[in-house]
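Hi,

Here is the structure I promised to pass on. Have a look at it first, and then read my notes underneath.

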Amino acid sequence: MSLISVQNVGIRFRGPELLDDVSCQIEAKQRIGLLGRNGAGKSTFLKILQGVIRPDNGKVTYGPHVTLSMLPQDVPQDVVSSVFELTLQGVPFDAHDPASQWEAEHNAEQILSRMQLDKDARFETLSSGMKRRVLLAQSLAAKPDVLLLDEPTNHLDIDAITWLEDFLLNWPATLIFVTHDRTFLRKLANRILEIDRGHLFDWSCDYETFLKRKEDALAAEEKQNALFDKKLAQEEIWIRTGIKARRTRNEGRVRALKKMRDERRERREKVGSVRLQIQQAQRSGNLVADLEDVSFHYENRPIVNQFSTLITRGDKVGIIGPNGAGKTTLLKIILGQLAPQTGTVRLGTNQQVAYFDQLRQQLDDEQTVQQNVGDGYDYVTLGDQKRHILGYLQDFLFSPERARSPVKFLSGGERNRILLAKLFAKPANIIVLDEPTNDLDAETIELLESRLVEFTGTVLLVSHDRTFLNNVVTSAIVFEESGVKEYDGGYDDWLRQRSVTEDASSTNKAAAKPKPASQSEPASEADKPRKLKYKEQQELKQLPIEIETLETEIAALHDKMASPEFYQQPGEEIATAQCQLKTLEEKLAVTFARWEELESLA
């Protein structure tokens with residue numbers, strides 16, 4: 001029996017129906033990714049499932065004794081409570097029954113322990129990431145059958161996101177979650193529901209398969225609409241022909257034409273995409289920033305210690321690290337906005353910087369969208385052309401009516417689009433983005449990715465979106481426990497290089513343990529580095545070929561597993577392929593470690 005049954009649900013606020021006669025069944029132990037454009041109705045659908053909003057028509061029915069909990073999108077700012085007290089609020093109990101109260105307190109303590117939270121800590125003093133973890137604990141304390149999550153990764157750093165992924169993968173209940181984090185979707189979702197133009201589509205597959213099926217469906221829809229419009233145009237010509245045709249025309253054909261007109265009128269076109277263009281300023285000098293032995297600390301908390309890096313024109317640098325590590329501080333040092341306590345920073349010439357602030361402090365909540373982006377002017381200059389601010393804002397999906405609305409009434413996704421519109425209304429040769437993907441839908445994120453890749457200037461990017469980092473940056477500056485380090489490539493490249501370094505380090509430590517030397521033997525002889533033997537030299541030559549072969553096999557398996565037909569095979573064959581992939585990846589890590597070890601001796 002289904003946990004939740006949604007039957008012919010519809011709801012409208014203003015304009016067309018947000019949900020138009022939608023139906024679906026929610027089964028036990030599913031992990032459902034709920035997708036849709038900003039404003040499509042995802043949060044509304046979650047609130048309907050929760051019972052907070054009643055639909056205009058249709059009904060939602062629940063299985064016997066089914067319980068739900070909801071993790072909201074926004075962290076409340078006015079809560080003053082201990083972590084334990086707040087978590088206990090998520091567990092229903094009878095305050096007059098000591099046994100019921102004891103059981104509730106036990107459940108709260110158990111979930112806090114499992115989630116590694118200090119029950120005596122004050123909620124109001126925690127970081128945004130830790131606050132979301134406490135709110136998740138509150139949602140889980142009642143042991144719900146269905147957990148609803150609205151943008152659970154917002155404001156979390158990468159460590160917190162990966163912890164949440166692992167935790168939810170082992171959570172036995174049903175999950176329904178809204179997220180813009182594509183890596184999170186790939187790892188968790190085993191079913192995709194999509195809200196598109198008022199309809200709910202059940203794709204019944206993982207995220208990778210959904211992307212391929214969705215592309216095919218949109219192509220088929222476009223072709224079908226084109227054929228329909230062509231036939232409608234032909235019928236319109238027929239109905240307007242001369243007297244002879246009108247005398248002999250088929251009344252059934254006339255009625256069919258009227259029906260086609262009604263159908264065309266009711267058609268809801270696909271929501272447009274943001275038309276995002278980055279204005280290129282005159283090229284900066286080849287040098288952007290040269291940091292040499294830079295150190296900076298706040299009181300007793302070090303941010304960077306003797307860190308050096310060279311950033312040149314065209315570099316796309318990702319800055320990765322936990323919340324509070326000092327990523328924004330490092331950005332300010334690189335841009336010359338903050339002087340280091342030791343070391344030197346040398347900046348290049350002709351720098352025009354566009355800065356995207358994650359806190360959106362550049363926006364005035366009391367002003368309208370038009371006033372924020374136009375800075376008091378009615379026109380913006382894009383290259384050699386002047387455009388009216390209202391026309392420019394339509395490129396960012398703001399209707400003239402919406403553009404005249406105060407910013408304080410807009411959603412998080414809309415605020416981020418305003419900031420992008422404001423950012424790209426002026427030419428720049430250095431773009432600085434501090435958490436730009438929060439609240440944006442996947443299509444806008446992908447468009448921003450492509451524009452940043454095409455941009456010939458310099459990009460400095462702080463982000464916890466792993467896919468975004470992989471697709472945009474060419475190098476990464478990472479805050480690690482041992483200090484700030486620099487790596488080539490994106491997020492996955494950093495993980496691979498870090499893994500190789502750690503494996504090689506542990507291998508070298510084990511191999512480097514010296515045998516006890518006699519007192520007559522000079523220490524310098526024991527410390528002499530050994531040279532590669534002939535067999536090791538031959539092994540070193542073969543290792544790059546072996547690594548390339550393993551990577552090719554892994555890529556082929558990934559392609560095979562991304563095919564929709566793959567998951568139609570018997571479960572044993574799927575498990576065999578997954579086991580094979582894991583074995584190859586482990587072998588690749590060992591091979592990389594061996595190559596690193598031999599390289600260090602060569």
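Below is what I found in it, going from the whole chain down to single residues.

One thing to keep in mind as you read is that this is a predicted model.

**The whole protein**

The protein has 602 residues, and 46% of them are buried. DSSP runs give 20 helices and 20 strands. If you take the contacts with a separation of 6 or more, 69% of them are between residues 24 or more positions apart. The accessible surface is about 32300 Å², and carbon and sulfur atoms own 49% of that.

**Two nonpolar cores**

In soluble globular proteins, nonpolar side chains tend to end up buried together. Here, the largest nonpolar core holds 46 residues, and Tyr-392, Phe-424 and Leu-452 have the most contacts inside it. Helix α14 (residues 412-423) gives this core its largest share, 5 residues. A second core of 45 residues lies apart from it, with Ala-104, Ala-160, Ile-161 and Trp-203 among its members.

Tyr-392 is a good place to start clicking. Once you set aside neighbours within four places in sequence, Tyr-392 is in contact with Val-373, Val-380, Leu-382, Arg-387, Ala-421, Phe-424 and Ala-425. So that list includes Phe-424, which is also one of the residues with the most contacts inside the core.

**Helix α5 and what sits around it**

Helix α5 covers residues 158-169, and its length checks out: 12 residues at 1.5 Å a residue should span 16 Å, and the end C-alpha atoms are indeed 16 Å apart. Its N-terminal end is capped by Asp-157, with a side-chain oxygen 3.3 Å from the backbone nitrogen of Asp-159. The buried residues in α5 are Ile-158, Ala-160, Ile-161, Trp-163, Leu-164, Glu-165, Phe-167 and Leu-168. Of these, Ala-160 and Ile-161 belong to the core of 45 residues.

Which residues of α5 does Arg-466 touch? Its contacts include Ile-158, Ile-161, Thr-162 and Glu-165. Arg-466 itself is in helix α16 (residues 466-472). Leaving out neighbours within four places in sequence, Arg-466 is also in contact with Asp-181, Thr-183, Phe-184, Lys-187 and Tyr-491. Is this arginine buried or exposed? Its relative accessibility is 1%, so Arg-466 counts as buried, the cut-off being under 20%.

The loops on either side of α5 are worth a look too. Glu-151 lies in the loop between β6 (146-150) and α5. This residue has a positive phi of about 50°, although it is not a glycine, and with a relative accessible area of 7% it is buried. Pro-172 is in the loop between α5 and β7 (174-178). At 55% relative accessibility, Pro-172 counts as exposed, because the cut-off for that is over 50%. The C-alpha atoms of Pro-172 and Lys-29 are 6.3 Å apart, with their positions 143 residues apart along the chain.

**Strands β10, β11 and β13**

Strand β10 (residues 287-298) pairs with two strands I looked at. With β11 (residues 301-312) the pairing is antiparallel over 8 bridges, and Asp-290 has Leu-310 as its bridge partner in β11. The two strands make a hairpin with 2 residues between them, and Glu-299 in the turn has a positive phi of about 50°. With β13 (residues 342-347), β10 is again antiparallel, over 5 bridges. There, Ala-289 stands opposite Leu-347.

**Two more loop residues**

Gly-36 is in the loop between β3 (31-35) and α1 (42-50). At 24% relative accessibility, Gly-36 counts as partly exposed. Not counting residues up to four places away in sequence, it touches Lys-42, Ile-195 and Asp-441. Along the chain, Gly-36 and Asp-441 are 405 residues apart, but their C-alpha atoms are separated by 7.5 Å.

His-65 is in the loop between β4 (57-62) and β5 (68-71). Its phi is near 65°, a positive value in a residue other than glycine. With a relative accessible area of 78%, His-65 is exposed, whereas Glu-151, with its own positive phi, is buried.

Cheers

Conventions. Residues are numbered from 1 along each chain as its sequence is written. This is a predicted model: local features need pLDDT of at least 70, side-chain atom pairs count only at pLDDT 80 or more; totals for chains, interfaces and linings use all residues. Side-chain values use heavy atoms; hydrogens and water are left out. A nonpolar core is a set of buried Ala, Val, Leu, Ile, Met, Phe, Trp, Tyr and Cys residues joined through side-chain atoms within 4.5 Å. Buried means under 20% relative accessible area, exposed over 50%, partly exposed in between (1.4 Å probe, protein chains only). Helices (H or I, at least four residues) and strands (E, at least two) are DSSP runs, numbered from the N terminus. Contact means heavy atoms within 4.5 Å. The expected span of a helix is 1.5 Å times one less than its number of residues. A polar contact is a pair of N or O atoms within 3.5 Å; within protein, one must be able to donate a hydrogen and the other to accept it, and residues adjacent in sequence count only if both atoms are side-chain atoms. Two strands pair if DSSP finds at least two bridges between them. Accessible areas come from the Shrake-Rupley method with a 1.4 Å probe; for residues, only the protein chains shown count as cover.
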